[in-house]
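This report concerns the pockets of a protein model. Please consult the sequence and the structure shown here.

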Amino acid sequence: MESFGTRLHRAIAERGPLCVGIDPHPGLLARWGLTDDVDGLDRFARTVAEALGDRVAVVKPQSAFFERFGSRGVAILESTIRQLRDAGSLVLLDVKRGDIGSTVSAYAAAYLDPSSPLYVDAVTASPYLGVRSLAPMFELAAEHGGGVFVLALTSNPEGAAVQRARTADGRTVAQTVIDEISQLNSGAAPLGSFGLVVGATIGDTGHDLSGVGGPLLAPGLGAQGAGAEDLRTVFGPSLAAVLPSYSREVLSAGPDAAALRAAADRVLAECRGVLAAP
């Protein structure tokens with residue numbers, strides 16, 4: 001199987017550098033005129049998948065908003081994943097899992113093994129039990145052509161206390177995460193399969209992202225406060241590796257499918273203009 005990095009590189013070339021989240025939180029369901037239950041969840045997710053699955057490079061369902069409805073919500077998540085994959089979109093499941101030993105191996109099997117009903121192209125993961133604790137995820141992803149996006153510098157203000165803390169060698173915790181993911185991608189072409197999550201709202205990071213070799217997922221755009229132009233400040237010379245991620249900015253245009261597509265096209269055009277600039 002082709003690596004996730006290769007498939008992502010091709011998807012971005014064909015569809016453009018854009019990731020759209022599926023975040024069916026109660027306020028958004030209400031805005032769409034939907035009930036906050038499994039029926040509303042199903043209509044919401046199905047509408048987004050049908051509107052965007054055949055035109056957006058990456059779609060990112062937020063697992064928690066499905067899990068809150070229990071087994072029926074997870075069943076809808078499974079169906080949504082299938083719809084998106086059938087439509088040609090890469091699916092990045094936002095689960096932010098992290099653990100050690102057999103537990104992280106089980107997380108890896110749940111999301112990155114093709115035999116699982118929750119099998120996706122890539123997942124988000126938390127490295128704060130140690131980047132190497134995620135080794136079973138990295139190994140299974142490599143075996144089956146999957147990807148892992150590891151949290152590095154997040155938009156939430158609480159994150160800085162951990163991420164910008166200094167280690168014994170003087171690097172920040174975030175820089176050690178960046179450097180370890182860079183090693184995993186060493187020699188990969190055209191793009192590594194192991195990415196980082198770097199918030200678009202954080203401004204000049206003061207960190208070196210130049211050697212990552214993999215994709216840089218940039219959430220926080222749109223309703224969370226960052227605009228496409230902010231990507232220049234955050235990523236500087238690493239802009240070519242950035243995958244901008246929008247959720248509410250696009251989703252709030254629903255439930256009309258044409259309006260959802262128009263919103264996605266608009267933010268994609270804004271991002272193209274920034275990412276293509278010298």
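The account below describes two pockets and the residues that line them.

The model is a predicted one. Its largest pocket has a volume of about 510 Å³. There are 24 residues in the lining of this pocket, and those closest to its centre are Lys-60, Asp-94, Lys-96, Pro-219 and Gln-224. Three strands, β3 (90–97), β7 (216–221) and β8 (242–246), each supply at least two residues of that lining. Among the contributors, β7 gives the most, with four residues. By residue class, the lining of the largest pocket comprises eight nonpolar, eleven polar and five charged residues.

The second largest pocket encloses about 240 Å³ of space. Its lining is formed by 14 residues, and Ile-12, Pro-17, Ala-240, Ala-241 and Val-242 lie nearest the centre. Two or more lining residues come from each of α1 (4–15), β8 and α12 (257–275). The largest share of the lining of the second largest pocket is that of α1, with three residues. In this lining, twelve residues are nonpolar, one is polar and one is charged.

The volumes and the elements that give most to each lining are set out below.

| Pocket | Volume | Element giving most to the lining |
|---|---|---|
| Largest pocket | about 510 Å³ | β7, four residues |
| Second largest pocket | about 240 Å³ | α1, three residues |

Strand β8 appears in both descriptions: β8 supplies at least two residues to the lining of the largest pocket, and β8 also gives two or more to that of the second largest pocket.

Conventions:
Residues are numbered from 1 along each chain as its sequence is written. This is a predicted model: local features need pLDDT of at least 70, side-chain atom pairs count only at pLDDT 80 or more; totals for chains, interfaces and linings use all residues. Side-chain values use heavy atoms; hydrogens and water are left out. On a 1 Å grid over the protein atoms alone, a cavity is a set of points where a 1.4 Å probe fits but cannot get out, and a pocket is an open set with protein on both sides within 12 Å along at least five of seven lines; lining residues have an atom within 4 Å of a point. Grid points are joined across faces, edges and corners, and a volume is the space filled by probe spheres set on the points. Ala, Val, Leu, Ile, Met, Phe, Trp, Tyr, Cys and Pro count as nonpolar, Asp, Glu, Lys and Arg as charged, and the others, Gly among them, as polar.
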